Amino acid sequence: MNEHMMDVYINDHLTMKLVCLPQHLTELVLGRLLTEQIITSSEDVDHIYICEYGKRAKVYLKNSARSTQSSSDAFVEVTPTCCTGNHILNDYFVTSKEPQSLTPIFWKPEWIFHMADAFADGSPLHGITFATHSCILAQKDHILFSCEDIGRHNALDKVIGYALRHNIDLHQCMVYSSGRIPTDMTLKVIHVGIPILSSKASPTSEAIDLAKKYHLTLICAARRDRMKVFTK
């Protein structure tokens, strides 16, 4: 397993440096743009170009009025819990809108168990290396997409980006993560409108508070035959 590094330019400004696995790079970029509040939907993107080596991504937004003039000289990056060195280098395109409360959707425990089964049986690289995280996107008992990456943030962004590319309504989806759930993972899900977040691992107290505040259904310690529901 090799680390892959990619520079992301938005309207020709170097905005992100990502460390990831070199699969589903378009999904990663799209998902990161949405979870960082740089776009609100795929309609905000004019086009994305990724070089043949996957080392550079160029994104052009339809609203090109945003520029360095909207940047704050006092911008300070909040370092996330991600351990792979991903960085937002400027706030030229970040909107920083207040999250909206989610509308809960009906769910069944069997659907969570189904995702846990899929994680246990369908993470080949993790099975070999024990060095990756996984994320699964589903609607009810139907798994739409799954992926692996070095970091759990990347894996989550990839499934979100997949939904954007395929016009999937995230408000009717749920995700399953292999990693722990701190506030930044929770906020990613809240910002994009996914109403159910489940994980093999545990949440922080602050993540639970966020889930309660924004009506996110948070289910952790989810295995094939058991789970712990923190918020409904």
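Start by selecting helix α1, residues 25–35, together with helix α4, residues 152–165; in this predicted model their axes come within 6 Å and cross at roughly 95°. Angles of 65 to 115 degrees count as roughly perpendicular, so α1 is roughly perpendicular to α4.

Next, show the side chains where the two helices touch. From α1, pick Thr 26, Glu 27, Leu 28, Leu 30, Gly 31, Arg 32, Leu 34 and Thr 35; in α4 they meet His 153, Asn 154, Asp 157, Lys 158, Ile 160, Gly 161, Tyr 162, Leu 164 and Arg 165. Coloured by class, the residues of this contact of α1 with α4 divide into six nonpolar, six polar and five charged.

Keep α1 on screen and add α5, residues 183–192. The axes of α1 and α5 lie 9 Å apart, at an angle of about 85°, which makes α1 roughly perpendicular to α5 as well. Here Arg 32, Leu 34 and Thr 35 of α1 meet Lys 188, His 191 and Val 192 of α5. This contact of α1 with α5 has two nonpolar, two polar and two charged residues.

Now move to helix α6, residues 205–213, and select Ala 207, Ile 208, Leu 210 and Ala 211, which are buried. Look down the axis of α6: its buried residues fall within an arc of 160°, so they line one face of the helix. What covers them includes α5, β10 (217–220) and β11 (228–231). Turn to the other side of α6 to find Ser 205, Lys 212 and Lys 213, which are exposed.

Finish at His 215, which follows α6 and has a positive phi, near 65°.

Definitions and conventions. Residues numbered from 1 in each chain as written. Predicted model: local features only at pLDDT ≥ 70, side-chain atom pairs only at ≥ 80, totals over all residues. Heavy atoms only, no water. Axes fitted to C-alpha atoms, helices over the stretch in contact; angles between N-to-C directions. Helix = DSSP H or I, 4+ residues; strand = E, 2+ residues; numbered from the N terminus. Parallel < 35°, antiparallel > 145°, perpendicular 65-115°, else oblique. Contact = heavy atoms within 4.5 Å. Nonpolar A, V, L, I, M, F, W, Y, C, P; charged D, E, K, R; others polar. Buried < 20%, exposed > 50% of the residue type's maximum accessible area, 1.4 Å probe, protein only. Arc of directions from axis to C-beta.
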